[in-house]
Amino acid sequence: MQTPAYKFQPEDYDNVYEPAEDSFLLLDALEDELDAIKLLQPAMCVEIGPGSGIVISAIAKALRSSGSYCMGVDINPHACRMTQRTGLLNDCRLEVVNMDLLGGLADGCVDLLVFNPPYVPTAEEDSRELEEQIGEFREDGHNLVKSWAGGFDGMVVTNRLLKDLDRILSERGVFYLLLLKENKPMEVINCLGKNGFLGKVVKERKIRGEHLFVIKISRKQSLIY
């Protein structure tokens, strides 16, 4: 998978998460999994929180010939516009929706789901703030902190998505989730196992004081693993 070209405008740096080591780890993991993803032939591919749009654009480019429908979903309108620009810059066919996680999508419609969530543990009071105001992105405000601040254990946003996973993921769907060591990825995998899912680490990397993991998640009855 080629890393898509992207171009930040001066105002984007204050409002959109710039691609960093975690972004490129996720791209590397998806590249390793590309044969399996192509075998899956996903009809609907969704990235939550695409930010700059490089990951969903890379997916759209890699699956260009398969007819997959690719969508980026971001609560941040600045990120939505950036993702649209990145898609156009790379001649990618993708849609972008300004939405809070996946509540607006139909049941069982997602075959390939990707999420690099806000994973950095922050103070407990910040966790309450995030939970109560997760949807408050203002056009004239500085909200970049919400792209990385994950609450008390770094899992506030991720846990909201995991509670909706059974509803949203298709029977053969696959979910690639990036987590930090402090998010306790093995505990996440064990918890998923109790709820009908299989999870395994497909890639990990230590960078600048962070130990990151990419987890592949599918339903237990699915043959895609």
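L101 is placed in the loop between β3 and β4, and this report on a predicted model starts from that residue before turning to the sheet and the helices around it. The phi angle of L101 is near 50 degrees, which is a positive value in a residue other than glycine. L101 has a relative accessible area of 12%, and because buried means under 20%, this residue counts as buried.

A second residue invites the same kind of description. K184, which is not a glycine either, has a positive phi of about 60 degrees, and its place is in the loop between β5 (169-180) and α8 (185-193). Is K184 buried, exposed or partly exposed? With a relative accessibility of 48%, K184 counts as partly exposed, since that class covers the values between 20% and 50%. The table sets the two residues side by side.

| Residue | Phi | Loop | Relative accessibility |
|---|---|---|---|
| L101 | near 50 degrees | between β3 and β4 | 12%, buried |
| K184 | about 60 degrees | between β5 and α8 | 48%, partly exposed |

The loop between β3 and β4 also holds A106. When its neighbours within four places in sequence are left aside, A106 is in contact with R167 and I168. From A106 to L169 there are 63 residues in sequence, while the C-alpha atoms of A106 and L169 are 9.8 Å apart in space.

The strands named so far belong to a wider arrangement. Seven strands form an open sheet in the order β3-β2-β1-β4-β5-β7-β6, and their pairing is mixed. At the edges of this sheet stand β3 (95-98) and β6 (197-207), each of which pairs on one side only. From one strand to the next, the twist averages 15 degrees. In general, the strands of a sheet pair through backbone hydrogen bonds, in either a parallel or an antiparallel manner.

One pairing can be followed in detail. Strand β1 (residues 44-48) and strand β4 (residues 110-115) run parallel and are joined by four bridges, and within this pair C45 stands opposite L112 in β4.

Which helix lies across β1, β2 and β4? It is helix α3 (residues 54-62), which runs at about 175 degrees to β2 (69-74). Helix α4 (residues 77-89) packs on the sheet as well, where it touches β2 and β3, and the direction of α4 makes about 175 degrees with that of β3.

Definitions and conventions:
Residues numbered from 1 in each chain as written. Predicted model: local features only at pLDDT ≥ 70, side-chain atom pairs only at ≥ 80, totals over all residues. Heavy atoms only, no water. Pairing = 2+ DSSP bridges. Helix = DSSP H or I, 4+ residues; strand = E, 2+ residues; numbered from the N terminus. Axes fitted to C-alpha atoms, helices over the stretch in contact; angles between N-to-C directions. Contact = heavy atoms within 4.5 Å. Buried < 20%, exposed > 50% of the residue type's maximum accessible area, 1.4 Å probe, protein only.
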